[in-house]
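The report below is a first guide for a reader who has not met this structure before. It goes from the chain as a whole to single elements, and ends with pairs of charged side chains.

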Amino acid sequence: MKILLKHKIFFATALFAVTLYGCIKEEDLSFDKVTTGEWSPEWAVPLIHSGLSIKDLTGMSDSGMFTTNSNHQISLVYNTNIYMIHGYEFFTPVNQSSWQTLQLTQPDSVDLYQNDSVSRSINLAVPLTFPNGEQIDSLNFRKGSLRINLTSYIPHDGILKITIPSATLGGQQFSKSVPISASTGSAVYTQDIFDMSGYNMGTKNLGMSNQLRVNYSLTFLKSQTTLNTLNKNFDITTSFDSITPASLFGFLGQREFIIPPDSSEISILNNFQGGGIYLDDPKLTISLTNSFGMPINANINTLSAIQTNGTVVPIVGPYPSPLIDYPIIFGQAATNSFVFDNTNSNIKQAINSTAHYFSYDISAGTNSPLPTYNFMSDSSIFKADMKIEFPLKGYTTGFTIQDTVDFGIGEIKEIASAAFRLNISNGFPVHARAQLYFTDNNYNILDSLFTNSQDRIVESAEIDSDGKVTTPTVRSANEVFDGIRLQHLFEAKKILVKGTIDTKDAPTTMVQILDTYKLDFKLGVRTKLKITF
């Protein structure tokens with residue numbers, strides 16, 4: 001009825017167009033022919049001719065909310081995501097830094113002056129730390145950089161070679177050289193940054209995770225003059241900045257996912273006011289996906305239907321344990337879904353109690369029980385989705401909806417009366433009684449569209465034994481607005497729509513809604529004008 005109402009509001013615009021432009025002839029504009037009097041013509045104006053499908057009648061234009069099988073039977077579908085986390089959200093960029101210092105010894109100075117150069121090597125297992133207790137054995141860089149900061153008080157030029165044997169790109173290990181300038185008394189600072197994107201890097205050393213083997217080879221070249229090198233520091237700071245892994249292997253820690261309790265709205269019942277509805281085969285499906293290579297201990301704490309009056313109906317049915325497994329091969333995913341239907345749950349009872357929301361509370365945590373090995377990629381995903389399906393087969397009795405829409409056409413003084421005529425051909429197996437109340441801005445009722453609100457504005461089509469339509473029905477309705485009723489129409493600012501729907505022969509017969517059904521209607525208005533001249 002809400003859609004029909006929107007079309008009815010159009011009549012004022014159409015009426016103006018016909019009145020002002022449709023009947024004016026050039027000779028009528030000759031003012032010497034004008035005399036005082038009254039002119040009372042009548043005009044019949046077709047306003048609307050439209051055919052509505054189930055999507056139009058429900059106001060739901062999203063095609064994803066409806067599915068149709070090969071027999072044209074329609075199901076209303078609600079999909080909602082309960083929770084989702086990707087690998088790039090699970091493991092955030094982490095900075096790592098280490099610092100070393102050295103001084104040249106007396107034998108180093110002798111070598112420098114006798115051999116024109118001296119070399120020192122530093123081989124370190126650099127410890128790595130991660131925020132959630134992760135024990136990383138290896139990783140592949142999506143992005144990140146290695147930053148080398150050098151501070152030298154050594155009065156000789158030199159070169160530092162950094163090698164990370166376990167970091168490879170295209171089969172070649174990471175090896176870079178950084179030139180060093182001689183100090184002339186004050187510190188000489190040198191910085192170099194290397195892109196680590198695409199590198200595979202092992203971080204396990206001597207059986208210990210979070211250990212990175214780094215080799216430094218430092219060579220100083222003798223200057224032209226003899227300079228003292230004793231007690232002169234050389235500092236190395238090695239930093240990994242904004243480590244964003246494409247993949248991680250090791251133990252990824254224990255943590256709880258924050259999944260706030262929430263609900264999914266059944267929007268078709270937004271305007272529900274009363275009555276009963278019975279659906280024969282509703283289904284609720286929960287689907288989970290896990291492509292993290294680690295156990296995720298997920299639990300459904302509560303799952304309930306909330307009626308329009310606020311009553312909570314707990315959903316009982318199949319709750320597998322565990323809810324979801326985990327893959328053991330990188331790049332694969334574990335999936336699971338379970339269905340609440342007539343055979344294993346009270347979903348029919350919950351739905352047919354006019355459920356307005358489905359509420360859910362799910363908890364999930366990683367690595368419980370503890371495994372020895374995990375993996376993930378930045379595109380790994382853990383998600384839980386819920387789908388609610390209502391095959392449109394069943395019945396309604398006294399199913400009442402109510403809504404309010406803005407309205408306003410102003411006052412048209414030349415109209416003496418307006419008679420609306422509505423012709424309806426109904427291909428749906430439902431009856432409908434409706435009333436439209438014209439109100440002011442404070443919702444005070446001024447008048448109604450129909451003088452008898454119990455009339456069936458829409459008469460059900462005929463059905464067969466399977467509840468399918470065989471023959472549409474045709475019905476006409478007329479309403480006249482004149483005098484005070486017409487004034488009420490001009491003064492109205494809002495329209496309150498109230499409709500009651502019964503399916504054919506409810507509750508003894510269940511009907512089916514097919515995508516081939518149409519509601520065809522024609523709306524026209526006949527106006528009588530009163531023009532004084």
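Helices (H or I, at least four residues) and strands (E, at least two) are DSSP runs, numbered from the N terminus. This is a predicted model, in which local features need pLDDT of at least 70 and side-chain atom pairs count only at pLDDT 80 or more, while totals for chains, interfaces and linings use all residues. Residues are numbered from 1 along each chain as its sequence is written, and side-chain values use heavy atoms, with hydrogens and water left out.

## The chain as a whole

The secondary structure of the protein chain comes to seven helices and 35 strands. Buried residues make up 47% of its 533 residues, where buried means under 20% relative accessible area, exposed over 50%, and partly exposed in between (1.4 Å probe, protein chains only). The protein chain exposes about 26000 Å², of which carbon and sulfur atoms supply 50%; accessible areas come from the Shrake-Rupley method with a 1.4 Å probe, and for residues only the protein chains shown count as cover. Contact means heavy atoms within 4.5 Å, and of the contacts in the protein chain with a separation of 6 or more, 85% are accounted for by residues 24 or more positions apart.

The largest nonpolar core has 116 residues, and those with the most contacts inside it are Phe358 and Phe382. Such a core is a set of buried Ala, Val, Leu, Ile, Met, Phe, Trp, Tyr and Cys residues joined through side-chain atoms within 4.5 Å. Leaving aside neighbours within four places in sequence, Phe382 is in contact with residues including Tyr83, Met84, Phe257, Leu288, Ile324 and Ala364.

## Strands β23 and β26

Strand β23 spans residues 381-391, and because eight of these 11 residues are buried, β23 is largely enclosed by the rest of the structure. Two strands pair if DSSP finds at least two bridges between them. Strand β4 (residues 74-86) pairs with β23 in the antiparallel sense over 11 bridges, and here Leu76 has Phe390 as its bridge partner. Strand β17 (residues 283-290) also pairs with β23 in the antiparallel sense, over eight bridges, with Ala384 of β23 as the bridge partner of Leu288.

Strand β26 (residues 430-439) has eight of its 10 residues buried, so β26 too is largely enclosed by the rest of the structure. It is joined by 10 bridges to strand β32 (residues 494-503), and the two run antiparallel; in this pairing Leu436 stands opposite Val497. Strand β27 (residues 445-448) pairs with β26 in the antiparallel sense over three bridges, and Thr439 stands opposite Ile445 there. β26 and β27 form a hairpin with five residues between them, and Tyr443 in the turn has a positive phi of about 65°.

## Helix α5 and the residue after it

In helix α5 (residues 106-115), Asp108, Ser109 and Leu112 are buried. These residues cover an arc of only 100° around the axis, which puts them on the same side of α5; the arc is that of the directions from the helix axis to the C-beta atoms. An α-helix has 3.6 residues a turn, so residues three or four places apart point the same way. On the other side of α5, Pro107 and Gln114 are exposed. What covers the buried residues of α5 includes β5 (94-103), β6 (117-127) and β12 (211-221). After α5 comes Asp116, whose phi is positive, near 70°.

## Salt bridges

The structure holds 13 salt bridges, a salt bridge being a side-chain nitrogen of Lys or Arg within 4 Å of a carboxyl oxygen of Asp or Glu. Three of the pairs are among those listed here.

| Pair | N to O distance |
|---|---|
| Lys222 and Asp116 | 3.2 Å |
| Lys383 and Asp385 | 3.7 Å |
| Lys387 and Glu389 | 4.0 Å |Asp116 returns in this table, since its side chain meets that of Lys222 in a salt bridge. Lys222 lies in the loop between β12 and β13 (233-251) and Asp116 in the loop between α5 and β6, so the pair ties together parts that are 106 residues apart in sequence. Lys222 counts as partly exposed, at 30% relative accessibility, and Asp116 is partly exposed, with a relative accessible area of 45%. Lys383 is partly exposed at 26% relative accessibility, as is Asp385, with a relative accessible area of 22%. In addition, Asp447, Glu479 and Arg485 are linked in a network of salt bridges.
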